[in-house]
Amino acid sequence: MRVLAIETSCDESAVCLLSINTSATKTRISILGNALHSQIKLHEQYGGVFPMVAKREHARVLTHLLKLVLKEADSPVSRKRESVSASLQQNVKKLLEREDGLAQELLSFISEFKKPKIDCIAVTNGPGLEPALWVGVNFAKALSLLWDIPVLPINHMEGHLLSSLATVKEGQLEIKKTKLPLLGLLISGGHTELVLMKKFGSYKILGQTRDDAVGEAFDKVARMLGLPYPGGPEISKLAEHARQRNIRGDIALPRPMLHSDNFDFSFAGLKTAVLYALKKIESINDDVRMKFALEFENAATEVLTAKVRAALNASKALSFTIGGGVSANKHIRTQMQALCENEFPEVTFLPPTKSLTTDNAVMIGITAAYKFKTHKRYSKTFKANGNLSLQKQKGK
Ligand code: KG4
Ligand code: ZN
């Protein structure tokens, strides 16, 4: 089965083509073509993502990315120009009327490539920045019309969760049967959630952040320290540096909700504590940056670890994974591994493949592969939903 996947929920425009082979015990996935355009440079000046700028940029690059993917996958270019009926052209133009020139570009592209062998188009329809999501959704729907291929809407967070179960083997992705229940800690720029999956497609959110997401806190603290956007990897690098040199800071930051009697998180207070502590410091030099990065990362990781411990105890999960951009963080990965090894030997820890942690289209295609087997829900009328929740899918 071949899936074309599209992701535009935030500041990465991504398209990929996957070939998926499923057996009773495992799923093997070959990436036939994969293209990603990061908008980081564009948003860097604002210190965060501007939704309307993101929307315009997605519309500008999507056709180009699709072309790259089909070329990489060796999809044949058409010798004669493929004709598209006037009414179909009209429908595509209507669908993409708000996407700045995308309709025209797509229609001229369609005449270049022969209809590729694709069984389904998977596209992120939420959660995320709604104007950005709509570009991907409408692009997928337009392709679906032009090529007569069904579309499967995919939840971005489900993408982070399920793609975390894939490992790389001999250049291919492989997903083995996972022991359930599975606990997932989803940590990204927009979310911090503890999710329990008792059976595939049925999710219970055990806890979530009450204010900032952990990735957002990493980014904001990095900005206070004068580090570039996105700040997560920058903080992580500095903190690792400090650990290697055995540097111990004299800063003490709080561990919000560490002992609270639930699985919720709060990171706004931790971020504000950094702000106040920095106000007392005359000049922010590299040494100060390193000490703050270390203490901030330790504080955030301690809270995450404590909540995972409580959730593993309460849920009796047999597998545990982390997903989302922040799960690329070395310290968090090491601490989660140690937690499982030392305290929960019966739980299999499934750390995600690094290249799949930050936003990409492969995670959306992988999720479609799961859905294709059991929960296929093709739709022509679905909408982008910035607040789409995982839990709403319960029982589907
Ligand atoms: O999943 P993602 O790519 O986008 C969203 O869905 O939000 O996550 C992006 C977030 C950003 O906040 C970024 O700073 C953070 O992931 N991030 C990291 C690391 N790499 C990316 N945070 C901490 N350590 C990292 N190594
Ligand atoms: Zn994400």
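**Strand pairing, a zinc site and the largest pocket**

Strand 3 (residues 26–38) pairs with strand 7 (residues 172–176) in the antiparallel sense, and the pairing extends over 4 bridges. The model described here is a predicted one, and the features below are to be read in that light. Within the pairing of these two strands, Arg28 has Glu174 of strand 7 as its bridge partner. Strand 7 is also joined by 3 bridges to strand 6 (residues 167–169), and these two strands likewise run antiparallel. Here, Thr167 has Glu174 of strand 7 as its bridge partner, so that Glu174 serves as bridge partner both to Arg28 and to Thr167. Strand 6 and strand 7 form a hairpin with 2 residues between the strands, and in this hairpin Glu170 adopts a positive phi near 45°.

The zinc ion (ligand 2) is coordinated by the NE2 atoms of His156 and His160 together with an OD atom of Asp359, at 2.0 to 2.1 Å. Along the chain, the donors of this ion follow the spacing H-x3-H-x198-D. Because His156 lies in helix 6 (residues 156–163), whereas Asp359 is found in the loop between strand 12 (348–350) and helix 12 (362–374), the pair ties together parts that are 203 residues apart in sequence. Both of these residues, His156 and Asp359, are buried.

A further buried position is found in strand 9 (residues 192–199), the strand in which Thr192 lies. Thr192 has a relative accessibility of 1% and therefore counts as buried, the cut-off for this class being under 20%. The side chain of Thr192 reaches the backbone nitrogen of Val214 at 2.8 Å. When residues up to four places away in sequence are not counted, Thr192 touches Leu186, Ile187, Gly207, Gln208, Thr209, Ala213, Val214, Phe265, Phe267 and Leu304, a set that includes Val214, the residue whose backbone nitrogen the Thr192 side chain reaches.

The largest pocket has a volume of about 1,200 Å³. The lining of this pocket is made up of 47 residues, of which Ser188, Gly189, Gly190, Asp219 and Tyr229 lie nearest its centre. The elements that give two or more residues to the lining are helix 6, strand 10 (202–208), helix 7 (214–224) and helix 8 (231–244). Among these elements, helix 7 provides the largest share of the lining, namely 6 residues. Helix 6, which contributes to the lining of the pocket, is also the helix in which the zinc ligand His156 lies.

Key. Residues are numbered from 1 along each chain as its sequence is written. Chains are lettered from A and ligands numbered from 1 in the order in which they are written. This is a predicted model: local features need pLDDT of at least 70, side-chain atom pairs count only at pLDDT 80 or more; totals for chains, interfaces and linings use all residues. Side-chain values use heavy atoms; hydrogens and water are left out. Donors are N, O and S atoms within 2.8 Å of the metal (3.2 Å for Na, K and Ca); water is not among the atoms, so sites may look incomplete. Buried means under 20% relative accessible area, exposed over 50%, partly exposed in between (1.4 Å probe, protein chains only). A polar contact is a pair of N or O atoms within 3.5 Å; within protein, one must be able to donate a hydrogen and the other to accept it, and residues adjacent in sequence count only if both atoms are side-chain atoms. Contact means heavy atoms within 4.5 Å. Two strands pair if DSSP finds at least two bridges between them. On a 1 Å grid over the protein atoms alone, a cavity is a set of points where a 1.4 Å probe fits but cannot get out, and a pocket is an open set with protein on both sides within 12 Å along at least five of seven lines; lining residues have an atom within 4 Å of a point. Grid points are joined across faces, edges and corners, and a volume is the space filled by probe spheres set on the points.
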